[in-house]
Amino acid sequence: MSGSRALGALGAFLIAALVLLALAGDRVAGYRFDAQDSAHALEPPSHAHWLGTDALGRDQLARLAEGARVSLLVAAGATGLALLIGLGYGLAAGWIGGRVDGLMMRVVDVVYALPDVLVIVLLIEVLQVTLAGVPDVARRVAALVAALGFVGWVGVARLVRALVLQAREETWVEAARALGLRNRRILLRHVLPNISGPILVAAAFQIPAAILAESTLSFIGLGIQPPFSSWGTMASDGFEAMRSYPHLILFPCVAIFLALLGFHLLGELLRDALDPHRRP
Amino acid sequence: MIRYVALRVLAGLPVLWVVATLTFALLRFLPGGPFDKEKTLPPEILRNLERRYALDGSLGAQYADYLGRLIRGDLGPSYKYVGRDVTDILADALPVSIELGLVALVIALAGGVALGLAAGARRDSLVDRAVGIASLLGVSAPSFVIGAALILGVALHLDWLPAGLWEGPIYAVLPALTLAALPLAYIAQLTRAQVVAVMDQDYVRTARAKGVSEGRVRRHHVLRNALLAVLTYFGPLLAMLLTGSFVVERIFAIPGMGRFFVTAVTNRDYPLVLGVTLVYAALVVVANLVVDVLYAWLDPRIRVGRGER
């Protein structure tokens, strides 16, 4: 148990470092994330630029900080959205059951059948039009949140529905029914608390999934676009020049890796604490 | 059971129709036509182009025309790759992506389930800890990080395997490993957690108390129930492979569907986008069908189509 607590502490430390990077990274670096300086392009790490500069002479630490802000914003928004929709939907489908459940799950099938990358790209394009007055990066973050939330809720809904389906077969639900409790009360006061552990754990793991999705989309050029900064676009730029300037790909990759590691460790700590099956 | 399968197959067809309609509508309502970039086109030439690509007439007529050709398996000409039909392009690109995806799927499933079983069966052992740490590192590394590391290390530095292209089985090794890494790690974690949970169940204790051999307990009680969780995970797994293939096809310069899709979207090559989407949707529908059937077979308590017990 102490081992897993130490790992949880490491996770909390990594997340704290990530938040600090997002809040204060560019102040520490002393540059704006989009300030170009062609005289100092492609420099390795130095005293002036701790993590070096990219092909346009932009400070890598400041760009990492901007990328951290984007990642955290997208992850928080997408997770909240997915949880909100998925919970309500899954509870309803699993509890009502029968034809309604069948119909609701066909809807889930349709959403599942839409390739997420396509949904995300389309939503980004649609929001480009509907949010015409908003700055580009805000539009893209909003689109990523909407798109990742829209893709994520299906998983939550399926999980919640499956948990409810299993729970309603349990004897304690039968007992509650036998006592004459009303449906709503059984669902909200008995079933939901009993299945809330796995749901919270699933929500916690949506955060790194969203960070991963954002950086992956940005890497292939479908997420955040230059001149704005995301770890994915930084890694993509670095990939092109990997042999000559390895520092360009190294730092964004390390940042993504540590951020994902931090959130996964935190999620595991949560799972150990909340999942009744795993209590020693 | 046969009725259940038939019903689920029939349920898949409307899903495909909805997907086709949704993508058609969304793409047509997006701003900008495919020929917007050539600003100097005279109106009569533009009209001819639109007629050639069936973009004239009302939206309803375009939609009816599109569905009609779709039923005959004709996805229309590509806007961007002049003179090529979408069906042609997909016929070239799809086998590449499917081959890569299947190899990665097999690696991920076999490796993940094996590691998860090994770890979960001996809880808190050295094996368990090693698998735990390895899978944690695995889920924390995006495919482009693993791909870049493999290209730098194995392809460029050691010069053991090619760093890109798609010209034989040897070319599939690094991309398939890159694509499989993330789902493998997830499946290992999931299987392990599930095995641990199942081992605590009363029915496992009962089976042991009855004197059932440990091997039989593992095969019939633990493995079966643990696989249920892996099955529910199949949808996200497929999505992960799909999104991953976009990255992997890019960094290893593989001529699969992912590369065509990304450029097709930015070029507003409607027929190609629709074609790729439909093919992906069909794959997902089939996969979900297989999962549902397997699920019902593995867990008789949940025969989804039957509703109430």
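What percentage of the 309 residues of chain B count as buried? Keep that question in mind as you work through these exercises on a predicted model.

**Exercise 1. Describe the overall build of chain B.**

Solution.
- Step 1: Start with the opening question. Of the 309 residues in chain B, 37% count as buried.
- Step 2: Look at the secondary structure. Chain B has 12 helices and zero strands, and its pattern along the sequence reads α-α-α-α-α-α-α-α-α-α-α-α.
- Step 3: Take the dimensions. The C-alpha trace of chain B spans about 85 × 60 × 30 Å along its principal axes.
- Step 4: Check how the sequence folds back on itself. If you take contacts in chain B between residues at least 6 apart in sequence, 73% join residues at least 24 apart.

**Exercise 2. Do the same for chain A, and add the confidence.**

Solution.
- Step 1: Chain A consists of nine helices and zero strands in its secondary structure count.
- Step 2: The C-alpha atoms of chain A fill a box of roughly 80 × 50 × 30 Å along the principal axes.
- Step 3: Of the 280 residues in chain A, 50% are buried. For contacts in chain A between residues at least 6 apart in sequence, 68% join residues at least 24 apart.
- Step 4: Now the confidence. Chain A has a mean pLDDT of 84, with 94% of its residues at 70 or more. Within chain A, H4(A) has the lowest confidence, at a mean of 72, while helix H2 (residues 60-96) has the highest, at 91.
- Step 5: A word of care for reading any such model: where pLDDT is low, the predicted coordinates should not be read in detail.

**Exercise 3. Work out what chain A brings to its contact with chain B.**

Solution.
- Step 1: Count both sides. The contact takes 45 residues from chain A and 44 residues from chain B.
- Step 2: Find the helices involved. Those of chain A that each supply at least two residues to the side touching chain B include H3 (98-113), H5 (136-167) and H7 (183-219). The largest share of that side, nine residues, comes from H3(A).
- Step 3: Sort by class. The side of chain A that touches chain B has 27 nonpolar, nine polar and nine charged residues.

**Exercise 4. Trace helix H7 of chain A and look for irregularities.**

Solution.
- Step 1: Follow H7(A) to A:Leu192, where there is a kink of about 50°. The proline A:Pro193 comes shortly after the kink.
- Step 2: Continue past the helix. A:Gly221 follows H7(A) and has a positive phi, near 90°.

**Exercise 5. Decide whether B:Leu184 is buried or exposed, and place it in its surroundings.**

Solution.
- Step 1: Locate the residue. B:Leu184 sits in helix H7 (residues 173-199) of chain B.
- Step 2: Apply the cut-off, which is 20 or more other C-beta atoms within 10 Å for a buried residue. B:Leu184 counts as buried because it has 27 C-beta neighbours inside 10 Å.
- Step 3: List its partners. Leaving out residues up to four places away in sequence, B:Leu184 touches B:Ile107, B:Ala108, B:Gly111, B:Gly112 and B:Gly138.

**Exercise 6. Find the largest nonpolar core and explore one of its members.**

Solution.
- Step 1: The largest nonpolar core has 165 residues. Those with the most contacts inside it include A:Val74, A:Ala147 and B:Val276.
- Step 2: Pick A:Ala147. Apart from neighbours within four places in sequence, A:Ala147 is in contact with A:Val119, A:Ile120, A:Leu123 and A:Ile124.
- Step 3: Go back to the list of residues with the most contacts inside the core; A:Ile120 is among them too.

Notes
Residues are numbered from 1 along each chain as its sequence is written. Chains are lettered from A and ligands numbered from 1 in the order in which they are written. This is a predicted model: local features need pLDDT of at least 70, side-chain atom pairs count only at pLDDT 80 or more; totals for chains, interfaces and linings use all residues. Two residues are in contact if their C-beta atoms, placed from the backbone, lie within 7 Å. Helices (H or I, at least four residues) and strands (E, at least two) are DSSP runs, numbered from the N terminus. Ala, Val, Leu, Ile, Met, Phe, Trp, Tyr, Cys and Pro count as nonpolar, Asp, Glu, Lys and Arg as charged, and the others, Gly among them, as polar. A residue is buried if 20 or more other C-beta atoms lie within 10 Å of its own, exposed if 12 or fewer, and partly exposed in between; C-beta atoms are placed from the backbone. The bend at a residue is the angle between axes fitted to the seven residues ending there and the seven starting there. pLDDT is the predictor's confidence in each residue, from 0 to 100. A nonpolar core is a set of buried Ala, Val, Leu, Ile, Met, Phe, Trp, Tyr and Cys residues joined through C-beta atoms within 7 Å.
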